[in-house]
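Please look at the structure shown below, and then work through the questions and answers that follow.

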Amino acid sequence: MHGREAREVQALHDAARVLWLATDLREALDATLAVLQLELGMENGTLSLFDPVTGEVFIEAAPEMRDRERILGRLRPGEGIIGRIFATGMPIAVPDVGDEPLFLNRTGTWRDLREEPRAFLGVPVRHGRTTLGVLTVDRRHSAGPISFERDLRFLEILAGMIGARVRLQELENPRRRAVLEEEAGAPEARLPGMVGVGRRMREVLERVERVARSRATVLVRGESGTGKELVARALHEASPRTGRPFVALNCAALPEALLESELFGHEKGAFTGAAAGTKGRFELADGGTLFLDEVGELSLSAQAKLLRAIQERQFERVGGRRPVTVDVRIVAATNRDLDAAVKEGEFRLDLFHRLSVVTVLLPPLRERREDLPALAEHLVRELSEENGREVRLGGDALEALLAHDWPGNVRQLRNVLEAAIVSTEAAVLRAAHLGLEPAREAPGDACARDARARAAGLDAPPAAAAEGAVPAGEEREVRLALERAGFVKAKAARLLGMTVRQLDWRVRKYGIAVERF
């Protein structure tokens, strides 16, 4: 075997090892590109991937680039050499990249191309018929003759291996398994903690799942208590950044004098009491996700500093002069109407555009009552485990929950259920345990109550049950729930706050006739 062939075989062997043994995708890609330089003299290797949300091709790995340079390497399909390779799916070899008009050098990495001419080679990274990204390298003319055909053939083989590794990373994501579980019937399994059986929340879940795989900045909007931080964590856990830091900061909880230090850190002696240098939230979240809650409460001066950090991915610590570069995904949240705040001059328009690349709008609980039974059951199970007990919802308790308007949304619902569980030893939560104000039923309210029950997927309860006339004893409660649910076991189990399997066990235990099911 000739020397060149032996080096190529060794390079493929080493690349295969790091691609399949490294658990972190970027580390695997960086190591693979380093192998190309060491074994074959292919320098300045880059691996760019497509972001379906922003519609851009971004540099995911480039071991010879600084982070600041890599972050600047974002192109639209068809833009520059890399964008052209991605758009056409065809490899490209440029004998002298310094003379190529398509070569944009947006990162500024390639210097002195006139003094040191280089050839540039790029191939698409595919999996099946899908183009995932672009692999590029360059070669010095001074290193000897270049065989473009041979180099491109080698790079295409390697790109196929990389494509399989990138796709495997997506399939190994735990959120993929959660989707399968959700499709099997577990509404809260799709994204842990997020329960949605109705159309509006299913749309939110699908949007979160789709956006999570991108690098786009996300703005989560909704009333207080709707679960904005839960969405931010789900975005992080379902993204390629899972396993890296998730750092949260409530922008409204800190005075402006401390906010800059919290965000960007400070150097020793920067102010009274700064006995040592400290990293800020941006640095702590490097490689992961930074969640900025209540971002609408930032002052205009703080907004300007945040805008600069987001735009340049670079900042200086308080009292420092050395620029710090980070790779952070921003997820922001607010309950304010930022459109109105922009019009009133209270929020910067340019920052608003930077934060709202993708917007996720969470509906209030009162507008998704169909989710309330499943959500309440989920919370009761979660709280029961936390308190080491087995508690379930009674039928009258569920009716009381459906009759409430929940101005505090999911947070208020959780607090009500937690207070009920810790303040009683009962195994079944009744309406009286919840401490909710009983609604005074005016003429026409019965129709509204029945409409709420139908919206939740339940049959309208009979008047006696609505007034709290629930028979005593578990057997009679099971029989009543079955009658009210039209002997549909799934609905009856939901009324009783139990699973269908638990209901079946009680049907057998009490010898309830099953012919009517």
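Q: Leaving aside its neighbours within four places in sequence, which residues is leucine 503 in contact with?
A: This is a predicted model, in which local features need pLDDT of at least 70 and side-chain atom pairs count only at pLDDT 80 or more, while totals for chains, interfaces and linings use all residues. Residues are numbered from 1 along each chain as its sequence is written, and side-chain values use heavy atoms, with hydrogens and water left out. Contact means heavy atoms within 4.5 Å, and once the neighbours within four places in sequence are set aside, the partners of leucine 503 are Val478, Leu482, Lys489, Ala492, Ala493, Leu496 and Met498.

Q: Which helix gives the most residues to the largest nonpolar core?
A: A nonpolar core is a set of buried (under 20% relative accessible area, 1.4 Å probe, protein chains only) Ala, Val, Leu, Ile, Met, Phe, Trp, Tyr and Cys residues joined through side-chain atoms within 4.5 Å. Of the 38 residues in the largest such core, Leu401, Leu417 and Leu503 touch the most other members. Helices that each supply at least two residues of this core include H16 (409-422) and H22 (500-509), but the one that gives the most, with seven residues, is H14.

Q: How do the residues of the contact of H20 with H21 divide into nonpolar, polar and charged?
A: In this contact, Glu477, Val478, Ala481, Leu482 and Arg484 of H20 meet Lys489, Ala492, Leu495 and Leu496 of H21. Ala, Val, Leu, Ile, Met, Phe, Trp, Tyr, Cys and Pro count as nonpolar, Asp, Glu, Lys and Arg as charged, and the others, Gly among them, as polar. The residues of the contact of H20 with H21 therefore divide into six nonpolar, no polar and three charged.

Conventions. Helix = DSSP H or I, 4+ residues; strand = E, 2+ residues; numbered from the N terminus. Buried < 20%, exposed > 50% of the residue type's maximum accessible area, 1.4 Å probe, protein only.
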